[in-house]
Amino acid sequence: MAGNVLDFYEALADSYHLIFEDWDSAIERHTRILGDLLTSQTAGNPLRILDCACGIGTQAIGLAMMGHQVVASDLSEAAVHRAQHEAQLRSLNIPFYVSDMTSLREVAESGFDVVVAVDNALPHLSSGQLGQAATAIASKLKPNGLFMASIRDYDKLILEKPAIQKPAFYGAPGSRRIVHQVWDWIENARYSLHLYITVQSDQGWKTQHFVSEYRCLLRYELSAVLSDAGFGDIRWLMPPESGFYQPIVLARLSA
Ligand SMILES: C[S@@+](CC[C@H](N)C(=O)[O-])C[C@H]1O[C@@H](n2cnc3c(N)ncnc32)[C@H](O)[C@@H]1O
């Protein structure tokens with residue numbers, strides 16, 4: 001699946017912030033919830049954190065703004081370049097790497113307190129790749145280190161098989177934006193996601209269309225993969241409990 005995924009995020013990097021109503025607010029909102037969760041679960045402050053699916057930097061930037069020592073990596077070079085630029089604009093010192101989380105071999109640092117992979121990065125991986133990623137992530141953590149990831153609620157979505165994600169309307173007249181998704185189910189547990197970002201300007205309306213493939217990664221499967229890679233104390237926090245918009249998994253590397 002990796003080629004398709006890479007094309008998707010390379011093409012999307014310049015526009016990724018447009019999927020949020022206001023990206024800076026999203027950075028602040030994500031970090032408030034996830035940063036508080038991490039500090040409540042992990043001794044020491046600031047924490048040494050690796051974001052191994054940083055994208056354009058939504059969590060890496062926010063966690064660095066909270067004072068944590070953040071290193072960030074992603075499969076997509078274009079996303080990493082954008083994240084680097086956004087970090088510089090905010091005077092943040094974050095080492096960035098282009099690295100596939102199935103190996104993380106380009107990431108020079110190790111012994112992290114925490115590794116994170118937030119906003120549905122893991123369902124891009126096949127089940128074999130997921131096992132490799134869990135092993136690579138474990139290799140980057142110190143003993144008792146914490147892994148935190150968030151994925152969509154596929155335990156529910158696989159039953160519902162939605163065909164669309166309802167449009168979100170952002171902005172004011174003259175510069176409005178519509179963001180919506182169409183999901184084409186390929187098999188029982190896989191779908192093509194079509195993301196449409198339609199932007200209004202003086203020249204009229206223009207739509208960008210991006211396509212990627214996801215699989216329904218169920219919570220029991222991710223828990224089992226983490227357990228096989230040496231993680232214990234695996235817990236799921238659902239949105240009502242965490243306040244985050246996706247289920248979150250926390251897993252602690254055995255000492
Ligand atoms: C939905 S984006 C989330 C990015 C970021 N965490 C955020 O919330 O803005 C998922 C990210 O996972 C990355 N990704 C997918 N497969 C990957 C892999 N094998 N190794 C590293 N990153 C990967 C993509 O390039 C993309 O940037």
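Around the ligand in this predicted model, the shell of residues splits into 11 nonpolar, seven polar and three charged. There are 21 residues around the ligand, and the ones that come nearest are Ala53, Gly55, Thr58, Asp119 and Ala121. If you'd rather think in helices, α1 (2–12) and α3 (58–65) are the elements that give two or more residues to this shell.

Now zoom out to the domains. Domain 1 is made of two stretches, 2–153 and 217–253, while domain 2 covers 156–214. Their C-alpha centres sit 23 Å apart. Where the two touch, domain 1 puts in 13 residues and domain 2 puts in 12 residues. On the domain 1 side of that contact, you'll find seven nonpolar, three polar and three charged residues.

Here is how the residue classes look for the ligand shell, the domain 1 side and a helix pair described below.

| Set of residues | Nonpolar | Polar | Charged |
|---|---|---|---|
| Shell around the ligand | 11 residues | seven residues | three residues |
| Side of domain 1 touching domain 2 | seven residues | three residues | three residues |
| Contact of α5 with α7 | four residues | one residue | one residue |

And the helix pair itself? Helix α5 spans residues 127–140 and helix α7 spans residues 219–228; their axes come within 9 Å and cross at roughly 45°. Angles from 65 to 115 degrees would count as roughly perpendicular and those under 35 as roughly parallel, so α5 and α7 are oblique to each other. The crossing of α5 and α7 is right-handed. Leu130, Gly131 and Ala134 are the α5 residues in the contact, and they meet Val225, Leu226 and Asp228 of α7.

Conventions
Residues are numbered from 1 along each chain as its sequence is written. This is a predicted model: local features need pLDDT of at least 70, side-chain atom pairs count only at pLDDT 80 or more; totals for chains, interfaces and linings use all residues. Domain bounds come from an automatic or database domain assignment. Two residues are in contact if their C-beta atoms, placed from the backbone, lie within 7 Å. Ala, Val, Leu, Ile, Met, Phe, Trp, Tyr, Cys and Pro count as nonpolar, Asp, Glu, Lys and Arg as charged, and the others, Gly among them, as polar. A residue is near a molecule or strand if its C-beta atom, placed from the backbone, lies within 6 Å of it. Helices (H or I, at least four residues) and strands (E, at least two) are DSSP runs, numbered from the N terminus. Axes are lines fitted to C-alpha atoms, for helices over the stretch in contact, and angles run from 0 to 180 degrees between N-to-C directions. Angles under 35 degrees count as roughly parallel, over 145 as roughly antiparallel, 65 to 115 as roughly perpendicular and the rest as oblique. A crossing is left-handed if the near helix is turned anticlockwise from the far one by less than a right angle, and right-handed if clockwise.
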